[in-house]
Amino acid sequence: MKSSSQTADPPGGADPIDGAAPAEAGSLAGRSPGQLMWRRFRRDRTGMVSACVVIVFFLLALLAPLISRLYGKDPYTTYGLDRPGLLNEFFYPVKPNGGIDGEFWFGVEPQLGRDVFTQLLYGIRTSLLIATAVTVLCLITGVVVGVTAGYLGGRTDYLLSRFIDLLLAFPAQLSFVAFTPVVYALFVSPEKETPTALRVITLITVMWALGWMGLARLLRGQVLSLREREFIEAAKVTGASPWRIIRKELLPNLWTPILVQSTLMLPTFVTTEAGLSFLGVGIVEPTPDWGRMFATGARHYQNDITYMFFPGIAMVIFVVAFNLLGDSVRDAFDPKTKR
Amino acid sequence: MRRGRDRLSDPSRPPYRRLYRKIRDAMLRFLVRRSLGAMVIILLISAITFFLFFAVPSEPAQLACGKNCDPDAIRIINHNLGLDDPVPVQYWHYLVGIFAGRDFDIGHCSAPCLGYSFRNDQPVWETILDRYPTTLSLAVGGTVVFLVVGVSIGMIAAARRGTFADKFLSSLSLVGNSMQIYFVGTIALWLLVDSWGVLDRPEYVPVTQDPVGWFSGMLLPWLVLSIIFIANYSRMTRSLMIEQLDEDHVRTARAKGMSHRTVFFRYAWRGAIAPIVTLVGIDMGSLFGGAMVTEFTFTLHGLGRLAVDSVTQKDLPMLMGVMLFSCTAIVIANIIVDALYAVIDPRVRLA
Amino acid sequence: MTSSRRHRTRLGAVALAAGALVLSACSSGGGGGSDDGPERTTDKNRASNYSLGTAADSTGPAAPVPGAKKGGTINVLQRDAFDHLDPAQIYYSDALTVQLLYNRSLTTYKVGANGRVTVVGDLATDTGKSSDGGRTWTYTLKDGLKFEDGSPITSADVRQSVERLYASFANDGPQYIPQWLSGDGQSFRKALPDGPYKGKHLPKSVLDTPDEKTIVFHFKAPHADTPYAVAMPNIGAVPAAPGKDTQQRYDSHPVSSGPYKIGTLKPGKSLTLVRNDQWDPKTDAVRHQYPDRYDISFGVQEPDSSRRLLADRGSDRQGMSFSNAVTLETGPSVLKDASTKSRTFNEIQPYVDYMAINMDRIKDKKVRQALAYAMPNGQILGQFGGARAGQVAGNLLAPSAAGWKDTDPFGKKKFPAGDTDTARKLLKEAGKEGQEIVYAYPNTTEYQNVSVVVTKALRKAGFTVQKKEIDSNNYATEISKVDNTFDIYRASWGADWPVASTVVPPLFDSRVLSDGSQNYWHLRNTAVDRDIDRINKITDVKQASAEWVTLADRILTEDVPAVPIFYNRLWSIWGSGIGGVKYHSVYGSADPSDAYVK
């Protein structure tokens, strides 16, 4: 949402320099816009640091099984229940600070006595998987719908735009909460265990269904203005097929908003997914989940506040890093918007 | 163009009186048109929601049936609730009920009839009205806090552009923006309520009953809720103000020797106000629909909580009602914002 | 719905053996292991604490509570809104408790501070006189009884309260009396299909009101436990005068016969009870009228109510809860603060949590035994807060059952995590290693945690587990379907009064088995049925009680229809500004009858 105001101006202002680049100006400096962007980005120290942090998070998520094997714990074993002395009579960690010690780096979970460190690792893994999937789906949908509406214009544009308006009118968070059980019920079989995958797919579907419109609307606007430009006209005159025009002429000019949007979308989906789990409509036990850790933490905060800090601080770092990364990416693409 | 605006907004001059009336008419036409559009949107949303909910196999009669329940009883309840009709017919009855009221087995349900809860047979409309003050208090109070704090921070940052204060405030708002209510809220509860006892435990007391209790009960939720919004406003205010300060008319004003303060508040601020109003409208609209996570974190019983509860309890009429109510709130908020926008900035045509 | 929520377990049905309450003294002490638990010796819910009162016991006014004074408001915090206020429909412990304040039944329980429970006449002058070998029961109303509108309570009003139970809307409450009068199951409704609403009444040979003060029940069979059955709230007084009994709508404003009446009801949100000035303390042996009003608010989750009552600030100083328990979230803080001890109690409730085994699907007894051994009772209880939320159960009956013995055939107390080795061995003997178990549980936070420990323990013992999450609202309905497709599921039951006759027949008689019945395990054992019939005929209550206990133990070891998990406890806390709160051991809740504002 908020980025739309910030990224809306580039096609108008920056295009003479950037937009024309792929077609003609490439030969001048011998550098593609991608290379230019990369050079600019590399000079941005904040951007590099936050990129590293983001990469670390993804690596942690990817390598969670390996890390937990090296660490010697898994997120499913109820250490505190199986081993006396870890949990007290109310099933809270006996040791101070949530039971942190050399063995359990982040302490043990209240009630079930699982290892917090591996819970968090695997929780991040679950959440990132969902958020990434939703982001990718939204990007694809947003690009397809936005470009179609913008390029074809006319009645198609009108219908698609009204459809987007309609979906945007749904109260987002409420709809996620309300429709998750609906979609879930469509998948569930009456007997047997419902695989976690189905839950994940449900969450992805719901978030995707109401998550792509912002990007589509933004891209539509950009395509609409690009369509009138000379180089597109030129391509049309030379008899290029619409597909070619979209691929070769339009898309290269849309990379900036797409990339910037995706750096904004991903953390939003991570927090949305966490919010759903916090409200009790997300991923359920025993699958580790970042958001459910907040629900657990909030439930036990009076007796074990330490537990809350691990998922909490991890999420703040993650979102800050992603936001900074988004800013840097935008700056790198669009030197003009830099303050 | 810009200079014209100042004269235009002065209706006391005769030649502009007609123009003023024209604007008012345009405004009226705008409101009518937008309201019609809004009705269509709300109708569509309600239809989609209704069909989605009722597409799910569930046995709502079971909920209403009680313990000594047999298939006959279920059939009767299904009939009484009209659940044995086809879904489109049910939807039609639902719509009619909203405008004309509806007769149920339990009694007549008058005009804005959103049906009865499957769970406790309570009228949906009254339940929503009952929960609404909490949500309203949360939304209004939260908005005041984030608006005042956010805009002030943004203005300070703009006024001291490039200084340490600017950078500090900017990074502060960035971190604030990355906070999650379920995290900050819990930590704040723990620190401010449980450990230090500085603030009261959040609870909703009707303002009419005990204004002080209302204020102290809502203070923490307001503060926490506003943290995540403040960043947006401070960032936006800052960049808008900087932009405005660079505008020709503002520079001219400064060149004419007007005081820094006058320039800042009279000229630059006026230019920045419109986009901020837009954002406030959008945010308030969504808050009116219920801030679920905030209400959950602080165990307040507003619309958001009602929505989540009715989801977990499969209370479809209640959920439908809340959904419709929040959609309406959002759509109305949008219309008001657009209208206000036109009032603040007459360059915007009401078209 | 019912059994998925703790503390809202429906009280048991079908009772028999009467004067049962003069029972073999059985100390309920016991309970496993750890010395961190609450002081068990103080448990009030023991069968030995129950007795039938005399006419003198039934005469008002109730003895004044030392230190009590009039005035003030008591604020009651409740998790769920009462699902009914109409006494005909009430069957949950929270609503059973609140009705004590505005509804009087023929008899009621007098709960002493020391935990002694005496059944006394309430509207009636005594606990009833039986004749015709226990088939006929006669009750005489006290003088000076009035409804809240000042009209006198007569036998016609009592008849109204009984006859309206025949109407089709009255389907949530207990149904002993109409069943005893007119036939089992739902067949009794045929005797008076429209209730009293179309001018018809039960014949005098069934229910007679010879004069304004006398009610006579003519049952089809002897029922010596009538004094308890007429203590249920639906055998009281509902105005028979035209227009007063509004059928379904009576639920929102029942006419009071007790010390308080309905002030305002905001459904799902709050209920206010105000003084009923027509109530005469001289007619009431149990209730007081100390506070001016009760403000009851709903939707206060247990962690919140306990947190607020512990904090003891503002209006919460005059706060209490009938059924919300101190949860594990606040438990440690409650214990830390020594000053709170005087405003809490922790007592055992009549409810038992079971893990039901679907015997239609798990036919091999060895597999059921393996399940019983493997069940991690201690860990399950831990998810609710450990020793203060309950105590690990060794057998099918609650310690409050008459003649209860502390048996533990599957070593549940010794192995809090389950006896994995024995279970594995049994499974191997049965040749069913890797046996698939479909485990159904309600989708609440606690039960999701429970599902983690149960799954883990069963897998360890060599089972394959299919977890099946069920929407908590439909849970009770789903698991009580005879053709359900689950193997194990949590079920719960509480006796209406502390005799196993209110437990064994409804749970284990194959003849009650139907959709919605409490034979959750689908036990079909004709030998058990025969024994139930045999024990039902035993007139010596002490002997019958012992037989019930023996039978229950035999069912557990020979049929293994369920694994007993734990006996529930209620840990209640109230504000420092009120006194007189006591434990109602029959309803398993905090009793406000003696409560006052300091």
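Here are four short exercises, with worked solutions, on a predicted model.

**Exercise 1. Describe how helices H16 and H17 of chain A pack, and work out which residues meet**.

Start with the geometry. Two packed helices are described by the angle between their axes and the distance between the axes. For H16(A), residues 290-299, and H17(A), residues 305-333, the angle is about 140° and the axes are 9 Å apart. Next comes the hand: the crossing of H16(A) and H17(A) is left-handed.

Now go down to residues. H16(A) brings A:Trp290, A:Met293, A:Phe294, A:Thr296 and A:Gly297, and these meet A:Tyr307, A:Met308, A:Pro311 and A:Met315 of H17(A). Sorted by class, that contact holds seven nonpolar residues, two polar ones and no charged ones.

**Exercise 2. Find which helices of chain A help build the side that touches chain B, and classify its residues**.

First, count both sides: 33 residues of chain A are in contact with 38 residues of chain B. Then look for helices on the chain A side. H10 (154-169), H11 (172-187), H15 (242-279), H16 and H17 of chain A each give at least two residues to it. Finally, split that side by class, and you get 24 nonpolar residues, eight polar and one charged.

**Exercise 3. Lay out the six-stranded sheet of chain C and say which strands sit at its edges**.

Write down the order, which is S14-S18-S13-S17-S15-S16 in an open sheet with mixed pairing. The edges are S14 (390-392) and S16 (464-470) of chain C, each of which pairs on one side only. Neighbouring strands are turned by 35° against each other on average, if you ignore direction.

Zoom in on the S14 edge. S14(C) runs antiparallel to S18(C), residues 562-573, and three bridges join the two. Here C:Val392 stands opposite C:Phe566 in S18(C). Over at the S16 edge, helix H10(C), residues 445-460, lies across S15 (436-442) and S16 of chain C, running at about 165° to S15(C).

**Exercise 4. Is helix H5 of chain C mostly covered or mostly open, and what covers its buried residues?**

Use the burial cut-off of 20 or more other C-beta atoms within 10 Å. Of the 10 residues in H5(C), 302-311, eight are buried, and the helix is mostly covered. Those eight include the charged-class residues C:Glu302, C:Arg307 and C:Arg308, along with C:Leu309 and C:Leu310.

As for the cover, it includes S2 (73-77), S12 (319-320), H6 (331-336) and S18 of chain C. S18(C) also belongs to the sheet of Exercise 3. One last check is what follows the helix: C:Asp312 comes after H5(C), and its phi is positive, near 60°.

Key:
Residues numbered from 1 in each chain as written. Chains lettered and ligands numbered in written order. Predicted model: local features only at pLDDT ≥ 70, side-chain atom pairs only at ≥ 80, totals over all residues. Axes fitted to C-alpha atoms, helices over the stretch in contact; angles between N-to-C directions. Helix = DSSP H or I, 4+ residues; strand = E, 2+ residues; numbered from the N terminus. Left-handed = near helix turned anticlockwise from the far one by under 90°. Contact = placed C-beta atoms within 7 Å. Pairing = 2+ DSSP bridges. Buried ≥ 20, exposed ≤ 12 C-beta atoms within 10 Å, placed from the backbone.
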